[in-house]
Amino acid sequence: MNKKLIEEKLNNYGSSNEPFFFIVSYDFTKFHIEKLSSLPENIKYEINSKTTSKIKHKTTVEKFPITFSEYKKKFDFLQEEIRSGNTYLLNLTAKTKIKTDFSLDEIYEKVNAKFKLRYKNNNDNFVCFSPERFVEIKKNKIYTYPMKGTIDSKIPNAQAKVLGDVKEMAEHTMVVDLLRNDLGIVSSKVRVEKFRYIDKINAGDKKLLQVSSKISGHLEDNWLENIGTIITKMLPAGSITGTPKKKTCELLHKSENYDRDFYTGIFGVYDGKSFDSAVMIRFIEENEKQEQYYKSGGGITCDSDVNAEYQELLDKIYLPF
């Protein structure tokens, strides 16, 4: 099974203190693990980038999304599952055909994002510009930073509104609880260091306020020898699945009707000292016909409004130049 193979390869690199790059798809069906010293030209990445481009473009993205009625069918199915007590939070996603004036290489070079990846091989061709870290490990401490809750910064009293929104509060609290439990599987002394703080994100033609939290745990001295075990035990990421995770993943598979593939998987780097990784959201793939597809989504709870959730699906389709 790929999950076991991924675990073993990462553990082997960690045990030999070999710096490496890795990428794992949402369902473990695809992965790429490579020594940093022999990384091929078809893989480009930036991890925890603090630079911002001075280039400004008027970026228009033409969108051809699923219809509202299609989305509502999925939404209603999940709401029924919530009412039945089978799930409490789900991250419903969809695949949207888009048209832009830019190639994937150009998008990679121009976008402002904390985590960037350009990946191309015989079967997969995509760019990812994610604001969301998966886990970070420094010395013997592991950290994760769940992100849930977004608002346009131009809205009057935007910060107070997003922090005071009941639905956003419930969703964020559930994700923090899920990620706290995930860290508890692989570490000890788990605690929430910061709860619901604000980050600013460049979303192309507007600035967004994003609500995040910081959770930490303590790892054993030999964590690097077990890096593959640590990572695979926490996958798929809680922030892009829901809770309870196993049942929620089954429900998402039933309702989404497309393969997430590398979207909502993770990628990361061990540089010889520390480990850092990102959740692959803000994701554009291109097929052999050079058609581009943007995959996006958002969290669904019992308090969700179908119109607002459909709009969020579309609002997350943007190029942050």
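Contact is taken here to mean heavy atoms within 4.5 Å. In this predicted model, T144 touches F134, V135, L179, L183, S213, K214 and I215, residues up to four places away in sequence being left out of the count. T144 itself belongs to strand β9, which spans residues 141-144. With a relative accessible area of 2%, T144 is buried, and its side chain reaches the backbone oxygen of F134 at a distance of 2.7 Å. F134 is thus linked to T144 both by contact and through this polar pair.

The nonpolar interior was examined next. The largest nonpolar core comprises 68 residues, and those with the most contacts inside it are L117 and F275. Helix α5 gives the most to this core, contributing six residues. Beyond its neighbours within four places in sequence, L117 is in contact with F21, I23, I43, K44, Y45, Y108, F126, V127, C128, F267 and M280. A second core, separate from the one around L117 and F275, has 15 residues, including V61, A113, I284 and Y294.

Helix α8 covers residues 306-315, and its buried residues are V306, E309, Y310, L313 and L314. These positions span an arc of only 145° around the axis and therefore lie on the same side of α8. The elements that cover them include strand β4 (62-64), helix α2 (68-83), strand β5 (89-99), helix α5 (166-186) and strand β17 (292-300). At the start of α8, a side-chain oxygen of D305 comes to within 3.2 Å of the backbone nitrogen of N307.

One of the buried residues of α8, E309, also takes part in a salt bridge with K167, at an N to O distance of 2.8 Å. Both partners are buried. Because E309 lies in helix α8 and K167 in helix α5, the pair ties together parts of the chain that are 142 residues apart in sequence.

A search of the whole structure finds 24 salt bridges. Within helix α7, the side chains of E250 and K247 meet at 3.8 Å, N to O. These two residues are three places apart in the helix, and so are separated by about one helical turn. E250 is partly exposed at 38% relative accessibility, and K247 is likewise partly exposed, with a relative accessible area of 31%. A further salt bridge joins E256 to R260, whose closest N and O atoms are 2.9 Å apart. Here E256 counts as buried, at 6% relative accessibility, and R260 is buried with a relative accessible area of 3%. Elsewhere, salt bridges that share partners connect R133, E136, K138 and D276 into one network.

N257 is located in the loop between α7 (245-256) and β14 (266-270). This residue is exposed, with a relative accessible area of 61%. N257 and R133 are 124 residues apart in sequence, and their C-alpha atoms are 27 Å apart in space.

With a cut-off of 2.5 Å between cysteine sulfur atoms, the count of disulfides is zero. For C249, the nearest cysteine sulfur is that of C128, 19 Å away; C249 counts as buried, at 17% relative accessibility. For C302, the nearest cysteine sulfur belongs to C249 and is 20 Å away. C302 counts as exposed, at 54% relative accessibility.

Definitions and conventions: Residues numbered from 1 in each chain as written. Predicted model: local features only at pLDDT ≥ 70, side-chain atom pairs only at ≥ 80, totals over all residues. Heavy atoms only, no water. Buried < 20%, exposed > 50% of the residue type's maximum accessible area, 1.4 Å probe, protein only. Helix = DSSP H or I, 4+ residues; strand = E, 2+ residues; numbered from the N terminus. Arc of directions from axis to C-beta. Polar contact = N/O pair within 3.5 Å; in protein donor to acceptor, adjacent residues only side chain to side chain. Core = buried A, V, L, I, M, F, W, Y, C linked by side-chain atoms within 4.5 Å. Salt bridge = Lys/Arg side-chain N within 4 Å of Asp/Glu carboxyl O.
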